[in-house]
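Some labels in structural biology rest on simple cut-offs. Here is a set of short questions and answers that puts such labels to the test.

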Amino acid sequence: MKFKEMPYKRVDYDKTAEQFKTLTKRVKEAKSGEELWEIHQEYYKVYQNMMDSMTIAEIRHDGNTADPFYAAEKDYYDETAPMLSSLATDYQRALYESPYRSFMEEKIGKVAFATMDNAIKSMDESIIGLMQEENALTTQYNKLIASAKIPFDGQVCNLSLLRPYLTGNDRTVRRQAWKAYSDYFMTVADELDDIYDKLVKNRTAQAKAMGYDNYIQLGYYRMNRNSYDRNDVENFRRQVKEVFVPFAERVHEIRRKRLGLEKLSYIDNEVYFKEGNPDPVGTAQEILESGQKMYAELSPETKEFFDFMMENELFDVFGRKDKKQGGYMTYLYQYHSPFIFANFNGTNADVNVLTHEAGHAFEAYTASRNIPVLSQTFSTAEISEIHSMAMEYFTLPWMHLFFGENAEKQKKAYLWDSLEAMPYMACVDEFQHRVYAENLTDAMERRKVWHELEKIYLPWRDYDGNEFLGQGGFWMQKQHLFMCPFYYIDYAVSRVGALEYYGKMQEDLESAWKDYYALCRQGGSKGYHELLRIGNLSDPFKEGTIYNALKKLNLI
């Protein structure tokens with residue numbers, strides 16, 4: 001079914017709550033594993049119906065945050081979702097503690113019970129009010145960012161539509177655009193600081209109520225991490241400092257010479273050629289059509305997947321005012337349909353985000369058809385981002401479809417950008433660890449910490465007299481800090497696996513694709529380290545993995 005034709009009906013809280021309570025009671029009273037399995041299949045139906053309604057409302061709200069109907073629906077779910085989540089956790093706790101758990105482990109896998117354990121450790125009825133407040137704050141943040149109106153070049157831009165000027169070939173225009181960008185954040189800095197202050201205090205209060213010292217452990221549980229901990233992440237960041245930061249410094253020096261500059265300024269971020277980065281040829285619709293041709297040629301599996309996406313119009317990628325910023329893939333269970341959300345703006349980022357989110361969508365499409373158990377469709381983020389980032393590399397041979405004669409430039413720009421981003425990702429992660437560990441609710445103290453970390457992870461960054469950014473204001477533009485704490489490092493962790501696939505592509509593309517496809521087919525049916533083995537990938541937390549990935553590509 002085409003997305004625009006999918007009917008929407010608000011989740012009836014009272015009815016759904018009663019269904020969850022009844023199912024929980026039946027789980028506790030079950031007399032056999034077979035009976036428990038039948039109950040659990042009913043739970044899946046209730047859960048799918050609830051999630052699909054909420055997801056349709058979310059997509060349509062994000063497409064136009066000013067739409068009064070879906071804004072009201074978003075407010076409704078901000079209020080009711082935590083209560084429904086609490087009831088779903090009660091159900092999971094009953095299943096987790098059932099005497100027939102071993103029978104259910106055979107049906108849905110041990111990983112599903114590890115996920116339940118994390119859910120139980122991160123949810124309690126006593127924090128529902130705080131969760132409702134947290135939802136309202138993130139909605140407030142999204143509306144604020146989506147409503148940005150920045151006068152530039154005779155028009156009014158939002159943040160997405162300003163981006164072509166931030167990376168254009170005219171350095172004077174870039175400087176003016178970056179000033180407009182930072183001026184905007186200066187005008188909303190107090191409001192963003194207030195929202196973030198409240199989020200930090202709120203999440204810390206949730207953690208304290210759950211018996212944790214601070215939000216970090218609770219945040220890890222909510223990220224569903226069950227194979228590594230805070231110490232592993234800290235060790236990973238250390239390797240990024242030791243290996244990627246010196247590498248990125250060398251790349252930036254090469255880029256400085258290529259651009260013919262005496263020094264690189266922040267206005268030169270993400271600009272890789274003197275004449276500017278290559279832009280895709282054609283309209284947003286033509287980019288999608290080129291994507292369809294590309295995926296038809298990549299493999300039979302990707303052809304089937306992308307034809308399905310196009311036929312059912314499972315995209316919202318056109319940039320426009322009042323649209324939520326960023327991009328994501330989400331999934332509609334009852335329609336077996338992934339959905340891709342993005343903000344095309346005429347830059348090479350359009351193709352990057354398309355292939356990235358298509359990697360997520362391809363995994364969802366593939367795993368959901370290979371594995372009949374709902375709880376096994378999706379893996380945790382440090383695996384799912386391999387799906388997306390490796391897809392970016394697999395599609396590089398088809399860049400001529402999007403960039404014509406500038407295809408080789410796009411390949412180089414993408415490769416450089418994908419590698420240079422690693423230190424920034426680690427910087428964001430260490431920043432938020434410090435925010436929650438040190439309870440940084442003072443705005444200027446947060447800027448000071450960000451400024452200190454930039455000197456460690458991004459020593460080449462020169463804000464060239466921009467006082468706001470130079471004093472540590474750049475962190476404000478990263479929505480993950482507001483929306484999904486502790487997610488961002490997973491991009492860096494997963495990038496290591498994606499780089500391993502890229503190295504294998506150079507030797508044997510067919511074999512690399514076979515490994516990648518095997519990983520996608522497994523979804524989240526196995527634990528993290530077992531999925532790495534299935535995909536023939538190394539453990540990125542292990543000492544030397546980062547170094548070896550770069551060395552194999554002859555980058556160090």
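**Strands and helices, term by term**

Q: What makes β4 and β5 a pair, and in which sense do they run?
A: In this predicted model, strand β4 (residues 328-332) and strand β5 (residues 337-344) share five bridges. Pairing needs at least two bridges. The two therefore count as paired, and their sense is antiparallel. One facing couple is L332 and S337 of β5.

Q: What links β4 and β5 in the hairpin?
A: Four residues lie between the two strands of the hairpin. H336 sits in that turn, with a positive phi of about 50°.

Q: How do you know that β3 and β5 pair too?
A: Three bridges join them. At least two are needed, so β3 and β5 pair. They run parallel. Here F318 stands opposite F344 of β5.

Q: Why is the pairing in the sheet called mixed?
A: The open sheet has three strands in the order β3-β5-β4, with mixed pairing. β3 and β5 run parallel, whereas β4 and β5 pair in the antiparallel sense. The twist averages 15° from one strand to the next.

Q: What makes β3 and β4 edge strands?
A: β3 (315-318) and β4 each have a single partner strand, so one side of each lacks a neighbour in the sheet.

Q: Why is β4 called mostly covered?
A: Five of its five residues are buried. Buried means under 20% relative accessible area. Y328, T330 and L332 point one way, M329 and Y331 the other, and all are buried.

Q: Which helices touch the sheet?
A: Helix α11 (residues 284-298) lies across β3 and β5, at about 130° to β3. Helix α13 (residues 349-370) packs on the sheet and touches β3, β4 and β5. The direction of α13 makes about 170° with that of β5. Angles over 145 degrees count as roughly antiparallel, so α13 is roughly antiparallel to β5.

Q: Why are α10 and α20 called oblique?
A: Helix α10 (residues 230-259) and helix α20 (residues 489-507) pack at about 60°, with axes 11 Å apart. Roughly parallel needs an angle under 35 degrees, and roughly perpendicular needs 65 to 115. The angle of about 60° fits neither, so the helices are oblique to each other. The crossing is left-handed.

Q: What makes the contact between α10 and α20?
A: From α10 come V233, F236, R237 and F244; from α20 come I489, A492, V493, V496 and L499. By class, eight are nonpolar, none is polar and one is charged. Arg counts as charged, so R237 is the charged one.

Terms used
Residues are numbered from 1 along each chain as its sequence is written. This is a predicted model: local features need pLDDT of at least 70, side-chain atom pairs count only at pLDDT 80 or more; totals for chains, interfaces and linings use all residues. Side-chain values use heavy atoms; hydrogens and water are left out. Axes are lines fitted to C-alpha atoms, for helices over the stretch in contact, and angles run from 0 to 180 degrees between N-to-C directions. A crossing is left-handed if the near helix is turned anticlockwise from the far one by less than a right angle, and right-handed if clockwise. Contact means heavy atoms within 4.5 Å. Buried means under 20% relative accessible area, exposed over 50%, partly exposed in between (1.4 Å probe, protein chains only).
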